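Subject: A structure for you to look at

Hi there,

Here is the structure I promised to pass on to you. Please open it beside this email and look up each residue as you read.

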Amino acid sequence: QVQLEESGGGLVQPGGSLRLSCAASEHILKIDSMAWYRQPPGRQRELVASITSDGSTSYGDSVKGRFTLSRDTAKKMGFLQMNALKTEDTAKYFCNAQGMKAWTTPFDSWGRGTEVTVSS
């Protein structure tokens, strides 16, 4: 499997912004699709946003209009821009991506997560 790494988490005040990044820690050919999930303390993991191989995006109701998922196909990275953050956005955020490690080796991998804390 391919190891993914998230970055960009941290502590931010309500109303602030953060940009999370997700990239493979080893050489891959491409990322086809990607999703971001989050797991608030004491709660189940939930889908935040996803992007398909053709670039179509979808968002959870709680983040629509505030979060934007994008990708850089050349750099083989994905980004989650989070604006107008609320305290209820506090969670550990995980990246899940599917793609090709080699021409005959697909992958479907998860990162270990990055913490986002929204607090005044």
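Below is what was found in it, going from the whole chain to single residues.

First, some ground rules. This is a predicted model, in which local features need pLDDT of at least 70 and side-chain atom pairs count only at pLDDT 80 or more, while totals for chains, interfaces and linings use all residues. Residues are numbered from 1 along each chain as its sequence is written, and side-chain values use heavy atoms, with hydrogens and water left out.

**The whole chain**

How many helices and strands does the chain have? There are zero helices and eleven strands. Both kinds of element are DSSP runs numbered from the N terminus, with at least four residues of H or I for a helix and at least two of E for a strand. Read from the N terminus, the order is therefore β-β-β-β-β-β-β-β-β-β-β.

The radius of gyration of the chain is 14 Å, close to the 14 Å that the globule rule gives for 120 residues, so the chain is as compact as a globular protein of that length. Here the radius is taken over C-alpha atoms, and the rule is 2.2 Å times the number of residues to the power 0.38. The C-alpha trace spans about 50 × 25 × 25 Å along its principal axes.

Of the 120 residues, 40% count as buried. Buried means under 20% relative accessible area, exposed means over 50%, and partly exposed is in between (1.4 Å probe, protein chains only). Among contacts with a separation of 6 or more, 56% are between residues 24 or more positions apart; a contact means heavy atoms within 4.5 Å.

The accessible surface of the chain comes to about 6,400 Å², and 47% of that belongs to carbon and sulfur atoms. Such areas come from the Shrake-Rupley method with a 1.4 Å probe; for residues, only the protein chains shown count as cover.

**Arg38 and Arg66**

Now find Arg38, in strand 4 (residues 30-39). Is Arg38 buried or exposed? Its relative accessible area is 3%, so Arg38 is buried. The Arg38 side chain makes polar contacts with two other side chains: that of Asp89 at 2.8 Å and that of Tyr93 at 3.0 Å. A polar contact is a pair of N or O atoms within 3.5 Å; within protein, one must be able to donate a hydrogen and the other to accept it, and residues adjacent in sequence count only if both atoms are side-chain atoms. Leaving aside neighbours within four places in sequence, the residues in contact with Arg38 include Glu46, Ser62, Phe67, Asp89 and Tyr93.

Arg66 sits in the loop between strand 6 (57-59) and strand 7 (67-72). With a relative accessible area of 9%, Arg66 is buried too. The Arg66 side chain reaches the backbone oxygen of Ser62 at 2.8 Å. Not counting residues up to four places away in sequence, Arg66 touches several residues, among them Met82, Ala84 and Asp89. You met Asp89 above, as a polar partner of Arg38.

**Met82 and Ala84**

Two of those partners of Arg66 deserve a visit of their own. Met82 is in strand 8 and, at 0% relative accessibility, counts as buried. Apart from neighbours within four places in sequence, its contacts include Leu18, Leu20, Arg66, Phe67 and Tyr93.

Ala84 is in the loop between strand 8 and strand 9. At a relative accessible area of 38%, Ala84 is partly exposed. Its phi is positive, about 50°, although Ala84 is not a glycine.

**Lys76**

Which value does phi of Lys76 take? It is near 60°, a positive value in a residue other than glycine. Lys76 lies in the loop between strand 7 and strand 8 (77-82), and counts as partly exposed at 23% relative accessibility.

**Asn96**

Last on the tour is Asn96, found in strand 9 (residues 91-102). Asn96 is buried, with a relative accessible area of 7%. Its side chain makes a polar contact with the side chain of Asp108 at 3.0 Å. Beyond residues up to four places away in sequence, Asn96 touches Leu4, Ser33, Met34, Ala35, Tyr37, Asp108, Ser109 and Trp110.

Enjoy exploring!

Best wishes
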